[in-house]
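Work through the two exercises below with the model open. Each task is followed by a solution in steps.

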Amino acid sequence: MSWTAPIDPTNKKSLKVSQLCEICHCRKAIIKRPKNLEKICKECFFYVFETEIHNTIVNNKLFHKGERVAVGASGGKDSTVLCYIMKLLNERYNYGIDIQLLSIDEGIVGYRDDSLATVKRNQKQYGLPLEIVSYKELYNWTMDEIVAVAGIRNSCTYCGVFRRQALDRGAQRLGINHIVTGHNADDMAETVLMNILRGDVARLEKSTSIITSSSGSPIKRSKPFKYTYQKEIVLYAHYKKLDYFSTECTYAPEAFRGTARELMKNLEAIRPSCIIDIIHSGENLVLKEKKKRIV
């Protein structure tokens with residue numbers, strides 16, 4: 001799908017060539033894209049950001065008409081932009097899907113209670129139904145209670161397992177078998193690095209899958225932001241003035257993912273394309289079959 005920005009000759013004459021948007025060549029460039037360092041105007045940034053996500057959805061055939069889809073909504077920047085984008089693209093390109101927000105209350109005082117307040121505002125802003133499922137309801141434990149007993153060191157491991165199961169149960173309660181999450185390109189590349197650093201060969205091949213499912217669960221999950229840089233998600237949320245919650249989880253600094261994230265930041269500073277490069281490497285990775293032992 002091609003697009004040409006409207007030409008404003010007056011504006012073009014008043015700006016130096018180096019200041020012009022590299023796409024429309026008529027408006028002032030105010031954004032340098034983290035993905036490819038292209039200098040573009042705000043309007044063109046909105047267009048390419050939204051179109052790239054639409055292309056990811058279409059090329060991977062993520063949805064079909066009449067499908068009911070639950071958006072994993074946490075109130076953070078990724079999920080808030082995802083909620084906004086899913087509603088926008090569904091209306092613009094007529095995907096024909098029915099969207100519902102699904103949130104998980106892990107029971108982390110001072111973090112999740114505040115972020116859920118953001119989700120409730122998003123519900124009203126986007127006019128989408130919302131379902132909230134809590135750890136206390138499902139497991140009779142809050143995350144704060146689990147950490148008090150088990151300690152903070154492996155809190156993210158416990159929470160990750162419980163959260164995936166809670167999302168599945170929430171979707172089943174709604175009669176929905178497809179959840180979309182805000183996992184972005186940075187998350188995908190970090191997962192590849194984490195599996196390499198851990199020597200977790202078994203998970204390497206699946207770490208870049210755009211569609212996944214939990215073992216034995218009929219619920220599928222997809223990641224429309226698979227190729228979308230986190231920095232661009234932040235820029236989009238900023239320029240669109242979206243309402244999101246930005247405080248990090250109380251227990252997140254202890255997670256091993258932080259090590260991979262720091263490594264990724266250092267690599268990205270040297271080579272901005274490294275995030276997409278790592279994802280493509282993961283996509284093309286095929287492990288050889290293990291030799292059968294002869295007894």
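The exercises concern a strand with its neighbours and a pair of helices in this predicted model.

**Exercise 1.** Determine how strand β4 (residues 98–105) is covered, which strands pair with β4, and what handedness the connections have.

*Solution.*

Step 1. Take the accessibility of β4: six of its eight residues are buried, where buried means under 20% relative accessible area. The strand is thus mostly covered.

Step 2. Look for bridges to β3 (residues 68–72). β3 and β4 run parallel and are joined by five bridges. In this pairing, Val69 stands opposite Ile99 of β4.

Step 3. Repeat for β5 (residues 130–134). Five bridges join β5 to β4, and these two strands also run parallel. Here Leu102 of β4 is opposite Glu131 of β5.

Step 4. Trace the connections. Helix α3 (residues 77–93) lies between β3 and β4 in a right-handed β-α-β unit. Helix α4 (residues 112–126) takes part in another with β4 and β5, likewise right-handed.

**Exercise 2.** Classify the packing of helix α8 (residues 185–198) against helix α12 (residues 274–283), and list the residues in contact.

*Solution.*

Step 1. Obtain the geometry: the angle is about 55° and the axes are 9 Å apart.

Step 2. Apply the cut-offs. Angles under 35 degrees count as roughly parallel, and 65 to 115 as roughly perpendicular. The two helices are therefore oblique to each other.

Step 3. Assign the hand: α8 passes α12 in a left-handed crossing.

Step 4. List the contact. α8 contributes Ala185, Asp186, Met188, Ala189, Val192 and Leu193, while α12 contributes Ile275, Ile278 and Ile279.

Terms used. Residues numbered from 1 in each chain as written. Predicted model: local features only at pLDDT ≥ 70, side-chain atom pairs only at ≥ 80, totals over all residues. Heavy atoms only, no water. Buried < 20%, exposed > 50% of the residue type's maximum accessible area, 1.4 Å probe, protein only. Helix = DSSP H or I, 4+ residues; strand = E, 2+ residues; numbered from the N terminus. Pairing = 2+ DSSP bridges. Right-handed = clockwise from strand over helix to strand, strands pointing away. Axes fitted to C-alpha atoms, helices over the stretch in contact; angles between N-to-C directions. Parallel < 35°, antiparallel > 145°, perpendicular 65-115°, else oblique. Left-handed = near helix turned anticlockwise from the far one by under 90°. Contact = heavy atoms within 4.5 Å.
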